[in-house]
Amino acid sequence: MKTLKIEELSKNFGTTEVLRKINLEIDEGNFLVLLGPSGCGKSTLLNIIAGLETINEGNVFIDDYNVSKVEPKDRNIAMVFQSYALYPSMNVKENMIFGLKQAKTSKEKIAEQLEKVSTFLQVDKLLERKPSQLSGGQRQRVAIGRALVREPRIFLFDEPLSNLDAKLRVEMRREIKKLHQQLKTTVVYVTHDQTEAMSLGTKIAIMNHGVIQQNETPENIYNKPSNTFVADFIGSPSMNLIKGKLIKNSNNISFIADDSSLEVPINNYDFKENSDLNNKEIYFGIRPEHIYFKKLNEDDFDINLRADLSEYIGHEQIVTLDYSNQEILAKFPSTIKIELEKEMKLYFDLAHISLFDLKTKERI
Amino acid sequence: MQDNLQSSSYKELEQKSKYTNMFLRWFLYFVLILFASYFIFPLYVMVVTSLKTMEEIRQGTLLTWPSSLNFDSWLVAWGGRGYGAGDTFLRPYFWNSIKMVVPAVFFSTFIGAMTGYVLTKWRFKGDQWVFLFLLFGCFIPFQAILLPMARTLGTLGISNSVVGLVLVHTVYGIPFTTLFFRNYYISVPTELVKAARIDGAGFFKIFFKILLPISAPIIVVTVIWQFTQIWNDFLFGSTFSFGEAAPIQVALNNMVLSSTSVKEYNVDMASAIIAGIPTLIVYVLAGKYFIRGLTSGAVKG
Amino acid sequence: MFKWLEKNLPKIVMAPAVGLIGWFVYGFVLWTLYISFTNSKILPKYELWGFGQYEKLWASRKWLISVDNLLVFTALFLIFCIVIGIILAIFLDQKIRAEGVLRTIYLYPMALSFIVTGTAWKWILNPTLGIQKMFIDWGFENFTFDWLVNREMAIYTIVIAGVWQSAGFVMALFLAGLRSVEDEIVKAAKIDGAGLFTVYWKILLPMMRPVFFTSFVILVHISIKSYDLIVALTQGGPGISTTMPALFMTQAAFHKSQVGLSAASAMMMFMAVAAVIIPYLYSELRRENAR
């Protein structure tokens with residue numbers, strides 16, 4: 001039994017297709033993050049799970065029951081919104097128990113739940129206040145509290161941290177993580193922030209143009225992006241992509257870059273399919289943090305590149321390198337002294353490369 | 001709560017919400033259309049009545065459609081019957097209103113634009129109070145200024161004239177036009193003015209070259225508002241200009257109230273439509289701006 | 001000299017507007033106030049006479065009827081405009097098909113003058129050929145609807161026409177207010193299990209407090225100033241049964257040569273408006289400064 005299952009779901013707004021044949025499953029207690037750029041359909045998907053949007057095609061199951069046409073209140077879910085969406089005319093207490101009252105819960109039960117949740121979230125001193133008298137962080141807590149008192153099967157979060165300032169955001173992020181660890185309720189969480197996604201999710205579904213690009217653990221998404229979109233979206237700065245093709249002779253495969261003499265041996269790469277690799281046009285992908293200034297592994301590939309620019313960002317620096325008129329970024333500790341306008345010897349960590357088909361943009 | 005909800009009860013919920021929704025929709029449309037007919041009813045009656053002959057009016061009811069489209073009463077309302085004394089018709093007064101509205105709208109809009117510009121982009125100490133000082137003018141009951149105004153117009157020798165009405169409407173329009181322009185310019189980034197000043201533009205250049213070109217929406221709102229207000233005014237018109245120089249609303253009222261011979265409702269209705277049609281046309285063509293004027297003139301302060 | 005001019009240019013540009021309003025609004029109101037303390041008849045006199053005009057005013061039966069009518073009219077006008085306005089706004093907020101058309105219909109009376117409105121309603125409400133005849137012709141033989149010529153009821157015809165003219169305006173204010181509420185609040189309420197009724201009654205309408213306040217102020221303002229509608233519909237009749245302060249004032253000033261008395265009545269109106277407007281402007285300004 002899956003806590004949440006989405007089957008072949010499509011959604012249009014008029015003629016614009018917002019979601020296309022989405023399939024998604026979440027096991028009990030998992031924390032799924034829907035990650036993507038704005039307009040990718042992630043919020044629409046969340047609204048559909050909540051029952052706030054209708055479906056054009058496909059089905060949504062909660063605990064194996066088809067809830068596609070069930071009202072939001074009967075889906076046993078709770079949602080936390082970006083703007084907190086606290087009712088301005090009610091105080092904190094009334095906000096938190098509003099849902100229970102609507103469900104005609106007994107007075108004793110309401111009092112008990114309120115007591116439990118408000119102390120748990122440390123808002124018990126604020127119960128009589130109006131939302132306008134709360135700070136951003138407190139509002140967020142109350143919004144979470146309003147969701148918690150209902151003891152839902154699934155928690156839905158719609159970019160809950162993006163209205164907070166940077167410092168508070170990191171704090172609240174940790175709190176949400178703790179919350180999930182303690183309660184072990186299933187969560188679906190929408191964000192456009194990759195750090196949030198990486199740190200919170202047990203699974204991340206990356207979306208673009210209404211299609212799920214990859215749905216895996218954060219580690220797999222980072223290490224084995226399934227296409228160039230994911231490779232580009234995850235990691236900061238993004239993965240460097242170099243155009244070229246594969247050459248296979250006898251047992252050796254190597255990558256030859258376009259317009260250059262660069263030839264990189266590809267020996268220990270885990271190809272999805274081993275056939276038809278010779279002369280295949282591809283992107284060679286390597287993350288900035290996997291370019292080293294000294295040799296670390298036996299297999300590291302050495303290359304001479306000219307450093308053009310260095311950006312100091314505290315504990316590290318991002319160096320812009322020139323590789324036959326293409327910019328390549330590398331991340332080094334800030335203790336290294338970089339001489340600009342000069343060639344320097346660098347090392348590609350070949351254990352961490354990704355290769356993508358030039359045409360389909362898919363990982364090979 | 002509902003952990004052991006069966007799929008059958010989910011079905012039930014689904015059905016239930018479907019029926020309530022359907023019932024609600026019908027009810028909704030019913031009420032909306034009911035009110036729509038209340039609002040449209042007088043206009044319909046006006047139009048229908050104006051197209052009937054008096055004979056038809058006496059025989060049918062308010063709602064009966066005229067047997068033939070008869071524009072005679074419109075012609076009578078507009079141009080009269082052609083005999084001398086006591087023949088009142090709207091044409092000269094319609095032009096009076098036009099002659100009054102055009103300059104009054106222009107002057108009040110221009111002054112409002114300038115004051116709105118100063119109040120937001122050249123702020124000085126106490127400008128809030130100056131704004132409040134002007135704003136209060138939106139709300140004074142005009143009865144409190146009727147007497148001195150009548151005397152002032154007399155002293156200036158422009159009582160009972162279109163010029164006098166232009167002056168009155170310009171002055172009492174300023175609070176509104178200032179309010180509109182101030183609320184619009186306050187949302188224009190002041191950086192724009194700062195940048196222009198650094199580039200060496202002066203007070204008037206900034207206004208004419210930078211602010212005025214982006215003011216089209218608020219100019220439309222203001223012009224429509226002022227046009228409607230001035231065209232529809234009766235109080236000033238009837239107190240300061242009752243004879244030849246009367247504006248159309250005053251003439252309409254005189255026509256309807258004139259107790260000569262038999263009441264001709266069809267001519268009355270045609271006259272009312274003629275007096276109402278300019279603002280109605282503006283409303284239909286630019287309703288969006290009309291509503292914006294209404295709500296911003298009212299809500300903001 | 002040139003420097004001075006340049007520095008003070010903004011203030012110089014402001015001067016005409018401030019001067020005109022200062023003279024024509026504040027100066028005139030003060031003049032009227034002064035005259036209300038004199039015994040002016042046809043022409044203004046300038047020696048003070050104390051509160052005599054106010055005493056006369058509040059002893060006048062016609063004035064008392066005016067005030068009484070104003071209270072009745074304001075109360076009904078407010079209630080009906082706000083209730084109808086809210087109902088229409090809420091209903092229009094339900095993703096209605098022909099919303100644009102309906103909105104246009106509800107609001108068009110606002111574009112017409114009260115004289116046009118009054119003329120139309122006068123015809124509709126006239127007992128011989130109007131609505132009464134319509135119902136009789138439809139077979140309701142004993143139907144009577146003579147409010148327009150009935151002393152007791154005539155004031156309500158003014159309410160009918162006034163509400164017809166202004167309810168759409170309240171609708172527009174509330175619709176704008178409802179539309180400015182964040183989507184997410186309504187979504188949160190739906191998830192909390194609130195039905196449509198609860199969403200509006202418990203959440204959205206309480207959020208509309210500023211809109212209530214604004215509508216209240218504007219409607220009271222309209223009703224205190226109402227003059228044109230009465231002139232066109234009843235001329236204060238039958239008798240003086242529908243007279244109101246604004247009508248009282250102009251009649252005293254321009255037909256009855258009681259300039260002092262009319263100034264006193266104008267000042268009473270002024271004070272009534274000020275009592276509503278000043279708190280309103282104060283709160284609006286404070287809200288703006290808080291932003």
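Helices here are DSSP runs of H or I, at least four residues long, numbered from the N terminus. I keep that in mind throughout, and I note at the start that the model is predicted.

**Entry 1. His180(A)**

I looked up His180(A) first. It sits in helix 5 of chain A, which covers residues 166–183. Is His180(A) buried or exposed? I counted 19 other C-beta atoms within 10 Å, and a buried residue needs 20 or more, so His180(A) is classed as partly exposed. Next I checked its contacts, leaving aside neighbours within four places in sequence. I found Phe31(A) and Val187(A). I also took the C-alpha to C-alpha distance to Phe155(A). The two residues are 25 apart in sequence and 9.9 Å apart in space.

**Entry 2. Strand 8 of chain A**

Val187(A) led me to strand 8 of chain A, residues 186–191. I found the strand mostly covered, with 6 of its 6 residues buried. I then sorted the residues by direction. Thr186(A), Val188(A) and Val190(A) point one way, while Val187(A), Tyr189(A) and Thr191(A) point the other way. In a regular strand the side chains alternate between the two faces of the sheet.

Which strands pair with strand 8 of chain A? I found strand 3 (residues 31–35) of chain A, in the parallel sense, over 5 bridges. I also found strand 7 (residues 154–158) of chain A, which runs parallel to strand 8 and is joined to it by 5 bridges. Tyr189(A) turned up in both pairings. It stands opposite Val33(A), and it is the bridge partner of Phe157(A).

**Entry 3. The open sheet of chain A**

I moved on to the antiparallel part of chain A. Here 4 strands form an open sheet in the order 2-1-4-5. Strand 2 (16–26) and strand 5 (65–66) stand at the edges. Each has a single partner strand, so one side of each is left without a neighbour in the sheet. I looked up one pairing in detail. Strand 1 (residues 4–13) and strand 4 (residues 57–62) of chain A pair in the antiparallel sense over 5 bridges. Within that sheet, Ile6(A) has Val60(A) in strand 4 as its bridge partner.

**Entry 4. The nonpolar core**

I asked how many residues the largest nonpolar core has. The number is 274. Those with the most contacts inside the core are Leu34(A), Met79(A), Leu156(A), Val188(A), Ile145(B) and Phe174(C). Helix 7 (residues 154–179) of chain C gives the most to this core, with 16 residues. I followed up Leu156(A). Not counting residues up to four places away in sequence, Leu156(A) touches Leu46(A), Ile49(A), Ala50(A), Ile77(A), Met79(A) and Val188(A).

**Entry 5. Chain B against chain C**

I turned to the contact between chains B and C. On one side are 70 residues of chain B, on the other 78 residues of chain C. Helix 1 (residues 7–50) of chain B gives the most to the chain B side, with 11 residues. By class, I listed 52 nonpolar, 16 polar and 2 charged residues on that side.

**Entry 6. The domains of chain B**

Chain B is divided into domain 1 (7–70) and domain 2 (91–299). I found their C-alpha centres 36 Å apart. The contact takes 8 residues from domain 1 and 7 residues from domain 2. On the domain 1 side, helix 1 and helix 2 (54–59) of chain B each supply at least two residues. The largest share of that side, 4 residues, comes from helix 1. I split the domain 1 side by class and got 4 nonpolar, 3 polar and 1 charged.

**Entry 7. Chain C as a whole**

I ended with chain C. I found 13 helices and 0 strands. Is chain C a compact globule or more spread out? Its radius of gyration is 24 Å, well over the 19 Å that the globule rule gives for 291 residues, so chain C is more spread out than a compact globule. Its C-alpha atoms fill a box of roughly 75 × 70 × 35 Å along the principal axes. I noted that 47% of the 291 residues count as buried. Last, I looked at contacts between residues at least 6 apart in sequence. In chain C, 69% of these join residues at least 24 apart.

Notes
Residues numbered from 1 in each chain as written. Chains lettered and ligands numbered in written order. Predicted model: local features only at pLDDT ≥ 70, side-chain atom pairs only at ≥ 80, totals over all residues. Buried ≥ 20, exposed ≤ 12 C-beta atoms within 10 Å, placed from the backbone. Contact = placed C-beta atoms within 7 Å. Pairing = 2+ DSSP bridges. Nonpolar A, V, L, I, M, F, W, Y, C, P; charged D, E, K, R; others polar. Domains from an automatic or database assignment. Rg over C-alpha atoms; globule rule 2.2 N^0.38 Å. Core = buried A, V, L, I, M, F, W, Y, C linked by C-beta atoms within 7 Å.
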